[in-house]
Amino acid sequence: MDNSKTVVLSGIRATGQLHLGNYLGAIQHFVTLAQDPSNDCFYFIANLHTLTTRQDPQQMQIDLRNIVLDFMACGLDPEKSTIYAQSSVPELSELSWLLACLTPVSGLMNMHHFKEKKDRLSEEGLKANAGLLTYPVLMAADILGPHANLVPVGEDQHAHVEMARELAKRFNHHFGDGIFPIPNLLEGEGIRVPGLTADGKMGKSEADSAIMLNDSPDEVERKLRSAVTDPQRMKRSDPGDPEVCNIFTFHHLLSEPEQIEWARKGCTTADIGCVDCKVVVADHINKILTPIRARREELLVRGMDFIDEIIHEGGLKARKIIAANVKEAKEKMGVPSY
Ligand code: TYM
């Protein structure tokens, strides 16, 4: 490993198809960062994290391969970035234990993600498993394992990266300065792509709320057409409030400043209807997705065996680097492999 390079690392859970939120919040940055030769990029499928919420063995493997395919369709090159499955690197689970012993339970119980998931499960009469509680510790191990300097993620993951930073500082404080670099987020606010049918972020759970990377152009238009806007704007002639409209958030994410202004003015004066806005947004989204769809089709012609090879090679490479770092961390903690 070349120590003069910036280590970039990020992961995605294997939970079904990837969506536009994953692309805009994370994958587009993966691609840009991978093009800079001063970066050493590690992108992985967090299939151990998937187990906290989904445990269908066959589906897990299908999702894993599909995400690697989507990575490549979005422009990642396995020759330039190390692409791997979290489960290929058992030392991450070992590091997770070491870090868990430095993590107060109260901090984990107060994590917004944990509370939200626990409440949702309890509404269904289910109990949260221990993996959900220690989720951020494994995530810290993912980040600190390859000595990551930079972690490109969407806004929803910022609290988790903050915990990884705290754990790196705590570890270094107790066991030796400079063992783990303190990982940074990308500069600026992380983004949150809204859902189409509800408040909150675009997620994988509700098919009509998310634009999937492999949705057809018609599907994108259909989903946009039925997307919620300002609920107070009942008729075309009612002026709307862009600040409460998810479609306007999409303008912020995808449109040029003049077009954002067009949408704002047109909405507040009722000069344009919601449909006019939606057509523009659907067009922007289809411009992003068209080359991704085309590359996905091209890749699929090659079958899926080459994907397995990429995951295998990436796993070997990542494991070699991470295992050496974990060995060092164990030695510093006084628990080497005797
Ligand atoms: P996951 O699989 O939920 O999401 C993967 C990436 O997509 C981003 N993202 C979004 N960004 C903007 N708007 C949205 N609506 C949206 N939905 C998802 C996420 O912020 C994320 O960057 N815990 C992580 C996986 C993980 C990880 C890591 C990430 C495990 N270990 C170490 C970074 C570093 C997760 O569940 O991502």
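Is Ser87 buried, partly exposed or exposed? Select Ser87 to start. Ser87 is partly exposed, at 42% relative accessible area. The model is predicted, and every value on this tour is computed from it.

**Stop 1: Ser87 and its loop**

Stay on Ser87. The residue sits in the loop between S3 and helix H4 (91–100). Show its surroundings. Setting aside neighbours within four places in sequence, Ser87 is in contact with Asn47 and Leu48. Now add His173. The two residues are 86 apart along the chain, and 29 Å separate their C-alpha atoms.

**Stop 2: Ala85, in strand S3**

Step back to Ala85. This residue lies in strand S3. Ala85 is buried, with a relative accessible area of 2%, a value that falls under the 20% cut-off for buried. Display its contacts. Beyond four places in sequence, Ala85 touches Ile45, Asn47, Leu64 and Ile311. Asn47 was also in contact with Ser87 at the previous stop. For a long view, select Lys287. Ala85 and Lys287 are 202 residues apart along the chain, with 30 Å between their C-alpha atoms.

**Stop 3: Ser81, ahead of the strand**

Select Ser81. Its place is the loop between helix H3 (57–73) and strand S3 (82–85). Ser81 counts as buried, at 1% relative accessibility. Which residues does Ser81 touch, leaving out those up to four places away in sequence? They are Ala34, Cys41, Tyr43 and Leu76.

**Stop 4: helix H3 against helix H13**

Colour H3 and helix H13 (residues 305–333). The two pack at an angle of about 90°, and their axes are 10 Å apart. Angles of 65 to 115 degrees count as roughly perpendicular; H3 and H13 are therefore roughly perpendicular to each other. Show the side chains where they meet. From H3, select Leu64, Arg65, Val68, Leu69 and Met72. From H13, select Phe306, Ile307, Asp308, Ile310 and Ile311. By class, this contact has eight nonpolar, no polar and two charged residues. Leu64 and Ile311 are familiar from the previous strand: both touch Ala85.

**Stop 5: Asp70, also in H3**

Keep H3 in view and select Asp70, which lies in this helix. Asp70 is buried, with a relative accessible area of 2%. Its contacts, leaving out residues up to four places away in sequence, are Gln17, Leu18 and Arg296. Pick the C-alpha atoms of Asp70 and Gln17. They are separated by 8.8 Å, although the residues are 53 apart along the chain.

**Stop 6: the two domains**

Zoom out and colour by domain. The assignment gives domain 1 (6–193 + 303–333) and domain 2 (207–298). Their centres, taken over C-alpha atoms, are separated by 31 Å. Now show the residues where they meet. Domain 1 has 15 residues in contact with 14 residues of domain 2.

**Stop 7: the nonpolar cores**

Where does the largest nonpolar core lie with respect to domain 1 and domain 2? Begin with Phe71 and Ile285. These have the most contacts inside the largest nonpolar core, which has 58 residues. Add helix H1 (residues 20–34). H1 supplies the largest share of this core, nine residues. Both domain 1 and domain 2 give residues to the core, so it lies between them.

Apart from this core lies another, of 40 residues. Select Val7, Leu9, Phe42 and Val153, which are among its members.

Return to Ile285. Not counting residues up to four places away in sequence, Ile285 touches Leu20, Ile211, Val220, Leu224, Phe250 and Leu254.

**Stop 8: two positive phi values**

Finish with the backbone. Select His147. This residue has a positive phi of about 60° although it is not a glycine. Its place is the loop between helix H7 (130–144) and strand S4 (150–151). His147 is buried, with a relative accessible area of 17%.

Move to Ala270. This residue, again not a glycine, has a positive phi of about 60°. Ala270 lies in the loop between helix H11 (257–268) and helix H12 (274–300). At 13% relative accessibility, Ala270 counts as buried.

How values were computed. Residues are numbered from 1 along each chain as its sequence is written. This is a predicted model: local features need pLDDT of at least 70, side-chain atom pairs count only at pLDDT 80 or more; totals for chains, interfaces and linings use all residues. Side-chain values use heavy atoms; hydrogens and water are left out. Helices (H or I, at least four residues) and strands (E, at least two) are DSSP runs, numbered from the N terminus. Buried means under 20% relative accessible area, exposed over 50%, partly exposed in between (1.4 Å probe, protein chains only). Contact means heavy atoms within 4.5 Å. A nonpolar core is a set of buried Ala, Val, Leu, Ile, Met, Phe, Trp, Tyr and Cys residues joined through side-chain atoms within 4.5 Å. Domain bounds come from an automatic or database domain assignment. Axes are lines fitted to C-alpha atoms, for helices over the stretch in contact, and angles run from 0 to 180 degrees between N-to-C directions. Angles under 35 degrees count as roughly parallel, over 145 as roughly antiparallel, 65 to 115 as roughly perpendicular and the rest as oblique. Ala, Val, Leu, Ile, Met, Phe, Trp, Tyr, Cys and Pro count as nonpolar, Asp, Glu, Lys and Arg as charged, and the others, Gly among them, as polar.
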